[in-house]
Amino acid sequence: MAATLVLSLFLILISSSLLLHHRLPHPGAKLDLKACKFNAIYQLGDSISDTGNLIYEKPGCVFFKFPYGETFFNRSTGRCSNGLLMIDYIDQGVNFAVAGSTALSPNVLAEKNIISPLTNSSLSVQLHWMSTHFNSLCLNARDCAEKLKRSLFMVGEIGGNDYNYAFEQQKKTIKEAKDMVPQVVQAIKDAVQTVLGYGALRVVVPGNFPIGCFPICLTGFQTNDSSAYDEYHCLKEANEFSIYHNDYLKIAIEELKQEHPNATIIYGDYYNAFQWVFRHASNLGFDASSLLKSCCGIGGDYNFSLAKRCGASGVPVCSNPDQRISWDGVHPTQKAYHYMSDWLIRDLLPRLGCGPV
């Protein structure tokens, strides 16, 4: 009983810290979502979106050490990049995302002999925090529906860590990891159902990046078989896996749209946002010879090692992060995020009904 009480109090305290501290800045992208006149944006997700929440759970984590944050903040803020993330370029709101989090709960992952090494704040926990926030914000369900009808909900990106942990801990092949996709997508779909129940009317559900272009994947699945790589030297099977997940997610979104015809539920195309930046890299000022290499990292063909990651002692940082797409082998740089957010906003505006078609 006492342990349960302590845990409940811990979650409430963490929730309060998150809600009070992490209001998202708007640094001024060329395009923004002001045309939509949202009151707020509510973000669920993992390290792609976490603006500092994990720091409350694990202040000693390597992600919270310099050089993380060096470009924009000149200090570490808990963002898993050298500066701003995509959500920083989108708009203001309340962020529940936690780096290292998973779509599946720790208990479900444990059944697969997978642990979440950084945090137990999975998607269901973040939804609990969100519910706690709305309970303090709203008088009742009708009041909440009225307040939230001018808000945008970002459910993800999430699910990537479920697969990453399976690859790292269980040494699963990409083909074997496909068995997890229906369950991961169902967890995301359930989360969307939950936020719709809170009163959300506009929801963006982002898909996964092309992981075959990321140093962590290129290192983990490196092969001498040249046919395994595409014309950009990304791993074809890994990118096909991302497409497989994203296609499942699109089907789930279509089902949700049928069930909730009065809500706008759209797919956030992170895959093609990244691909656009990657394929126009030279024109955008990135170093064409280092597109697949980490800026902050050491070792191998991709400047990345799981054993010695960015933030660890002796791990160097490239002289100009603005010339790199990958910051630490797992997460993009601020400049890459900036261009991806521009692409994403252009894609989202007309589908949200508040921009040019």
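Trainee: How far apart are the sulfur atoms of Cys138 and Cys144?

Mentor: They sit 2.1 Å apart, and the two cysteines form a disulfide. Keep in mind that this is a predicted model.

Trainee: Okay, and is that disulfide right-handed or left-handed?

Mentor: The torsion about its S-S bond is about 65°, so the link of Cys138 and Cys144 is right-handed.

Trainee: Are those two cysteines buried or exposed?

Mentor: Cys138 and Cys144 are both buried.

Trainee: How many disulfides does a search of the whole structure find?

Mentor: Five turn up. Counting the bonded cysteines along the chain, the pattern goes 1-10, 2-3, 4-5, 6-9, 7-8.

Trainee: Tell me about Cys36. Which cysteine does Cys36 form a disulfide with?

Mentor: Its partner is Cys354, with the sulfur atoms 1.9 Å apart. That link is right-handed too, at 50° about the S-S bond.

Trainee: Which parts does that pair tie together?

Mentor: Cys36 is in the loop between helix H1 (2-21) and S1, while Cys354 is in the segment after helix H13 (334-351), so the disulfide ties together parts 318 residues apart in sequence.

Trainee: And why do Cys36 and Cys354 count as buried?

Mentor: Buried means under 20% relative accessible area. Cys36 has 2%, so it counts as buried, and Cys354 makes the cut as well, with 13%.

Trainee: What about Cys295 and Cys318, is their link right-handed or left-handed?

Mentor: Left-handed, with -95° about the S-S bond. The sulfur atoms of Cys295 and Cys318 are 2.0 Å apart. Both cysteines belong to the loop between helix H12 (270-279) and H13, 23 residues apart. Cys295 is buried at 2% relative accessible area, and Cys318 is buried at 14%.

Trainee: Which cysteine is in no disulfide?

Mentor: Cys217 is one that is in no disulfide; the nearest cysteine sulfur belongs to Cys213 and is 9.0 Å away. Cys217 still counts as buried, at 7% relative accessibility.

Trainee: Let's zoom out. How many helices and strands does the protein have?

Mentor: It has 13 helices and five strands. The protein has 357 residues, and 55% of them count as buried.

Trainee: What share of the contacts joins residues 24 or more positions apart?

Mentor: For contacts with a separation of 6 or more, residues 24 or more positions apart account for 75%.

Trainee: Now the strands. Which strands does S1 have bridges to?

Mentor: S1 (residues 41-44) is joined to strand S2 (residues 93-95) by three bridges, and to strand S3 (residues 152-155) by four. S1 runs parallel to S2 and parallel to S3. For example, Gln43 has Asn95 in S2 as a bridge partner, and Ile41 has Leu152 in S3.

Trainee: Are the residues on the two faces of S1 buried or exposed?

Mentor: Buried on both sides: Ile41 and Gln43 on one, Tyr42 and Leu44 on the other. In a regular strand, side chains alternate between the two faces of the sheet.

Trainee: Which residues touch the most other members of the largest nonpolar core?

Mentor: Leu33, Val195, Val203 and Leu352, in a core of 103 residues. Helix H9 (residues 181-198) gives the largest share of this core, 10 residues. Another core lies apart from it, with seven residues, including Tyr68, Cys295, Val315 and Cys318.

Trainee: What does Val203 touch?

Mentor: Leaving out residues up to four places away in sequence, the residues it touches include Leu152, Phe153, Val155, Val192 and Val195.

Trainee: How about H11, what span does helix H11 reach?

Mentor: H11 (residues 236-259) reaches 35 Å from its first C-alpha to its last, close to the expected 34 Å. Its buried residues include Phe241, His245, Asn246 and Leu249.

Trainee: Last one: where is Asn208 found?

Mentor: Asn208 is in the loop between strand S4 (202-206) and helix H10 (215-220). Asn208 is buried, with a relative accessible area of 6%. Beyond its neighbours within four places in sequence, its contacts include Glu157, Tyr163, Tyr270 and two residues you just met in H11, His245 and Asn246.

Conventions:
Residues numbered from 1 in each chain as written. Predicted model: local features only at pLDDT ≥ 70, side-chain atom pairs only at ≥ 80, totals over all residues. Heavy atoms only, no water. Buried < 20%, exposed > 50% of the residue type's maximum accessible area, 1.4 Å probe, protein only. Contact = heavy atoms within 4.5 Å. Expected span 1.5 Å × (residues − 1). Pairing = 2+ DSSP bridges. Core = buried A, V, L, I, M, F, W, Y, C linked by side-chain atoms within 4.5 Å. Disulfide = S-S within 2.5 Å.
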